[in-house]
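Visitor: I keep hearing words for parts of proteins without knowing what earns them. Could you show me one and let me ask?

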Amino acid sequence: MARISGVTGLAADLADGVLRGAESLGSLATSPFGEPTLRLGVTGLARAGKTVFITSLVANLLNRGRMPQLAAVREGRVEAAYLQPQPDDTVPRFEFENHLGALTGPAPHWPESTRAVSELRLSLRLRPNGFFAGLTGSKILHLDIIDYPGEWLLDLALLDKDFATWSREVLTRIETRAEADSFKAALKAADPEAAHGERIAQGLSAAFADYLQAARRAGYYDCTPGRFLLPGDLAGSPVLTFAPMPAGEAPKGSLHREMARRFEAYKARVVRPFFRDHFARIDRQVVLVDALGALHSGPRAVEDLRRAMADILSAFRPGSNGVLSQILRGKRVEKILFAATKADHLHHQQHPQLTAIIEALTQEARDRARFAGAETAALSLAALRATTEELRPHDGAELPCVRGILEETGRAAALYPGKLPEDPGQLLTPARQGAEKWLDGGFSSMRFAPQPLTLKPGDGPPHIRLDRAAEFLIGDRL
Ligand SMILES: Nc1nc2c(ncn2[C@@H]2O[C@H](COP(=O)(O)OP(=O)(O)O)[C@@H](O)[C@H]2O)c(=O)[nH]1
Ligand SMILES: [Mg+2]
């Protein structure tokens, strides 16, 4: 079969998909409420791989040639897939076409990072299986995919806290952190009991936000309030202009009182609405984790990641938080997938070890989620495979490497990240015990650019185990 260039093939099929979408709008118009909807949440900390995951998942659902592990595709029951206008008028649309263009265009590059919640509706026309096959016509499933920052889930812990408790915890945490030195100095210079002045409040909150950014860069994940890192359109507003204050009584109208008021406003106006309007409506959830990135950064990053996971995932155990229970009113996520992303940095021989690490990293959290009735699974995937595998002779043995194009120089290079242990405890235990470095040298990393693609018609972008991820997340509804 003739090969056509990736972008043309995809763009053409895409247009086709949109046309088919328009065609089916007729049937939609006659039964606008009858068709089932599944809401899939995609989250993870910044740069975990959310944008690439959604883009490739959607592209691979539109062009299903590389999705054999999705049973409905294998059995030929997916008749059509098409993008449709999303149901939520006030949520930005996930910029699928732009992101896909970046990944599969003539000069492939990674998409721009996004900073807020976004959404996309992909509708699937399916032939029913089992008992009803042959008895009824096709059915439609609307898959609403919601992309939101994992950092926002960390804010859940704030809902149950008052300003004094939060301040005490933060100030204790930053005592020994050099990243917070300017903030600590600014706080020392400020008088919490003095009358509130906007300039002082702004100075303090800016210094605090700078600390959070620096801490995030240094590999700490406990960087709440989450919107200080990703302010979106709230930048500069009073709900984002506060900082922790030392304990103490302070008179009305004081800096301390105003900071406390804003902290409460942040909870009521920013955190709660997110959980109410977005989180509470999610049926299935994938949590993406850049475990390889953390391994590369070192034991402290791994331990921080483990803690962040435990915190993030407490959101899936509503009983743990009174306010959240009220918001959810018994509704819960049915399935949660924990996925180690960017597995194309690793030869497949080492994928089981990576999966073991992600399982261990999320163990605590997964136990809790199971407790709350959700089904969980863990796997390693690459939403967009940017490398090819290669065995390189080395010291009389063969080293399992991957080869790709370096993002910076555009040159080809081979990577052997290091040997991941069979037992993840060999990494997680020293991390927990505060080790500074990995015992045997650590893990290397490279930034590969997406490879130029030549796609067969009907094929989506190359990936690793994206079809398995999809089978776990949505397979039972297809
Ligand atoms: N090699 C490889 N790199 C990836 C993959 N997914 C994400 N990345 C890298 O991770 C970066 C962040 O991904 P992105 O999807 O923007 O993360 P987000 O912040 O969670 O939306 C990208 O710019 C890529 O460098 C993948 O499947 N393979
Ligand atoms: Mg993103």
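Guide: Start at ligand 1 in this predicted model: one of its oxygen atoms lies 2.9 Å from a backbone N or O atom of V52.

Visitor: What makes that a polar contact?

Guide: A polar contact is a pair of N or O atoms within 3.5 Å; within protein, one must be able to donate a hydrogen and the other to accept it, and residues adjacent in sequence count only if both atoms are side-chain atoms. At 2.9 Å, the V52 pair qualifies. A polar backbone atom of G49 is also 2.9 Å from a ligand oxygen, and one of A48 is 3.2 Å from a ligand oxygen. The protein covers 96% of the 580 Å² of accessible area that ligand 1 has on its own (Shrake-Rupley method, 1.4 Å probe; for residues, only the protein chains shown count as cover).

Visitor: How many residues surround ligand 1, and which are closest?

Guide: There are 17, with R47, K50, T51, V52 and D344 the closest; a residue is near if one of its heavy atoms lies within 4 Å. That shell holds nine nonpolar, three polar and five charged residues. Ala, Val, Leu, Ile, Met, Phe, Trp, Tyr, Cys and Pro count as nonpolar, Asp, Glu, Lys and Arg as charged, and the others, Gly among them, as polar.

Visitor: What is unusual about the phi of R47?

Guide: Most residues other than glycine have a negative phi. R47 is not a glycine, yet its phi is positive, about 70 degrees. R47 sits in the loop between strand 2 (37-44) and helix 2 (50-62). Helices (H or I, at least four residues) and strands (E, at least two) are DSSP runs, numbered from the N terminus.

Visitor: How do you know that strands 6 and 7 pair?

Guide: Pairing needs at least two bridges found by DSSP. Six bridges join strand 6 (residues 284-289) to strand 7 (residues 335-340), so they pair, running parallel. They belong to an open, mixed sheet of seven strands, ordered 3-4-5-2-6-7-8. Strand 3 (78-84) and strand 8 (375-380) are at the edges because each has a single partner strand.

Visitor: Why is the protein called as compact as a globular one?

Guide: The globule rule is 2.2 Å times the number of residues to the power 0.38, and the radius of gyration is taken over C-alpha atoms. For 478 residues the rule gives 23 Å and the protein has 24 Å, which is close, so the description fits.

Visitor: How are things numbered and counted here?

Guide: Residues are numbered from 1 along each chain as its sequence is written, while chains are lettered from A and ligands numbered from 1 in the order written. Local features need pLDDT of at least 70 and side-chain atom pairs count only at pLDDT 80 or more, while totals for chains, interfaces and linings use all residues; side-chain values use heavy atoms, leaving out hydrogens and water.
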